[in-house]
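Thanks for coming, everyone. I'll walk you through one structure today, piece by piece. Please have a look at it first.

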Amino acid sequence: MAYNGFAIDEYLDAAAVTRRLDELIQKPVYSIRRKQLRAYVQDYFEAKCPQSKAMIAQAKGVIPGGVQHNLAFNYPFPIVITKAEGAKLYDLDGNWYYDLLQAGGPTILGSNVPAVREPVIELLNTCGPSTGLFHEYEYKLAKKISDLVPSVEMFRMLGSGTEACMCAVRIARLKTGHKNILKMGGAYHGWSDQLAYGIRVPGTKGLLSKGVPGFVFQHTQEFFPGDLEDLERKLKANRLNGGTAAVFLEPVGPESGTRPVSREFVRGAAKLARDYGALVVFDEVVTGFRIGLSGAQGFFGVDPDLTIFGKIIAGGYPGAGGIGGHADCMAHLGAGLDSSGKKVPKAMCGGTMAATPISCVAGYYALCEIERTNACEVAGRMGDRLTQGLQKLIQQYKLPFVAFNQGSICHLDSVGTMHFAINWKKPWTIPQILKETGIRQKEMEHMGAAYMAEGIVTLAGSRLYTSAAYTEEMIDDVLSRFERVFANCGPLEV
């Protein structure tokens, strides 16, 4: 197979995967059988994880929900992790797990690799994690990213992907003079007020953005993923209402490819954006340096105006966010002057803890190690092996589940929660859709608990990240654990 340095040998057939997902949400829900779920809770979580249970009970007294990050929620209670190494995680009770969560995606090299850890320790011994002033690795990281990603002529480090997305909106409005932001329905571009719109399920608008007043979304809109006609309709309408400043894209599809889009759509969306005077913004928080060293944009052959980075940008350390792009766009983050000395409006952008020495050192050495070891391709091969094995197991046990992958971003969709869509032309269907997705969300949690009891940590029981720390033997062992779960799945018991 010819991966050519990317994590993907042959890009998936997005239309075929979508048809299978369409069929999945029309079928009865299949999940872990209740008898087996109770056995997992009693024999694993209660019997083998008592220290985790006790600590979470204490934590609930001072932390809302007992955890500080949504990724940590787990049925019947969160597991407390004390050690991460390579492809494995270890908990407070001494149990170990295969890590397919990958901290939400950033550790493509595997956890706690010496090539990144040792320079960080040296930095801590000499400089400390933060000074508030310039550090040489700010330049080294920016130069490395610029060398790897052709569209990135300039780069600015920030504290998170959410901050980078906020910054991109401001740059786009200043650069184009237009007001509106268009994003794919279901896509996640952080949790800032303006972009917390149409998240998870296309068509939801602000329904899932509790605490955000509706007027904030006055200039934020969504278009249906994969639908160029819908995108163009909204671009055309915006001409009469302030224009479109930017089209935001998760390049492999919303929520990191859970609803995949085709290569033709990505290229077509970029062309339409430019035709209507909007900037093309690629959110590569997940795909950047995971699909390839030049990102998903390198794989698709697209030159976005702005690129959002996160996850891997700090090598798994804090401060994982940044924005890069064409020099004429990035000039709006400078001293108010472009490269020719012409005055341009400066976008409001801050962050005391952005570009700390620790994040820049970790990011720089992580990218160097990814490049040296060809980690994107290695992780992608492991993703292919995992996905192909899951597809065989699904067929063997006659389950309606759908497994597919974009390189090392793997999906195991057992219930299709995020494949529903809201149709505001049929408002009477909305309560039923929200009820149905709620039921399916609960079964995702149950499946995630079953996987964890078998020693597999996943992202919400449906997304699986592979890393370069995996071997074929490890993937085969992971598949044997999935098989034990699949053998105990059946129609949802009411």
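One definition before we start. Ala, Val, Leu, Ile, Met, Phe, Trp, Tyr, Cys and Pro count as nonpolar, Asp, Glu, Lys and Arg count as charged, and the others, Gly among them, count as polar. Keep in mind, too, that this is a predicted model.

Now use that definition on the cavity. The structure holds 1 cavity of 30 Å³ or more. Its volume is about 40 Å³. Which residues line this largest cavity? They are Gly185, Gly186, Arg200, Pro202, Pro254, Glu255, Thr258, Arg259 and Met418. Sort them by class, and the lining divides into 3 nonpolar, 3 polar and 3 charged residues.

Next, a pocket. The second largest pocket holds about 540 Å³ of space. There are 31 residues in its lining, and Phe134, Glu138, Phe155, Arg156 and Met157 are the closest to its centre. Four elements, α5 (136–148), β5 (154–158), α11 (327–330) and α12 (357–373), each give two or more residues to this lining. Which element gives the most? That is α5, with 6 residues. By class, the lining of the second largest pocket has 17 nonpolar, 10 polar and 4 charged residues.

On to helix α3, residues 50–59. Ser52, Ile56 and Ala59 are buried there. Look down the axis of α3: the buried residues fall within an arc of 55°, so they line one face of the helix. Turn to the other side of α3, and Ala57 and Gln58 are exposed.

Now the sheets. Strands of a sheet pair through backbone hydrogen bonds, either parallel or antiparallel. Here is an open sheet of 4 strands, in the order β2-β3-β4-β14, with mixed pairing. Which strands stand at the edges? They are β2 (81–85) and β14 (456–457). Each has a single partner strand, so one side of each is left without a neighbour in the sheet.

Let's zoom in on β2 and β3. Strand β3 covers residues 88–91, runs antiparallel to β2, and is joined to β2 by 4 bridges. One pair to find: Ile81 has Asp91 in β3 as its bridge partner.

Move along to the loop between β3 and β4 (96–99), where you'll find Asn95. Is Asn95 buried or exposed? The cut-off for buried is under 20% relative accessible area. Asn95 has 14% relative accessibility, so it counts as buried. The side chain of Asn95 also has a polar atom 2.9 Å from the backbone oxygen of Lys48.

Last stop: strand β13, residues 409–413. Here 5 of the 5 residues are buried, so β13 is largely enclosed by the rest of the structure. Both faces are covered: Ile409, His411 and Asp413 lie on one side, Cys410 and Leu412 on the other.

What pairs with β13? Strand β12, residues 402–406, runs antiparallel to β13 and is joined to β13 by 5 bridges. Across that pairing, Phe404 stands opposite His411. The hairpin of β12 and β13 has 2 residues between the strands, and Gly407 takes a positive phi near 70° there.

Then comes β15, residues 463–465. It is also antiparallel to β13, with 3 bridges between them. In β15, Arg463 is the bridge partner of His411. So keep an eye on His411: Phe404 stands opposite, and Arg463 is a bridge partner.

That's the tour. Over to you.

Methods
Residues are numbered from 1 along each chain as its sequence is written. This is a predicted model: local features need pLDDT of at least 70, side-chain atom pairs count only at pLDDT 80 or more; totals for chains, interfaces and linings use all residues. Side-chain values use heavy atoms; hydrogens and water are left out. Buried means under 20% relative accessible area, exposed over 50%, partly exposed in between (1.4 Å probe, protein chains only). The arc is that of the directions from the helix axis to the C-beta atoms. Two strands pair if DSSP finds at least two bridges between them. On a 1 Å grid over the protein atoms alone, a cavity is a set of points where a 1.4 Å probe fits but cannot get out, and a pocket is an open set with protein on both sides within 12 Å along at least five of seven lines; lining residues have an atom within 4 Å of a point. Grid points are joined across faces, edges and corners, and a volume is the space filled by probe spheres set on the points. A polar contact is a pair of N or O atoms within 3.5 Å; within protein, one must be able to donate a hydrogen and the other to accept it, and residues adjacent in sequence count only if both atoms are side-chain atoms.
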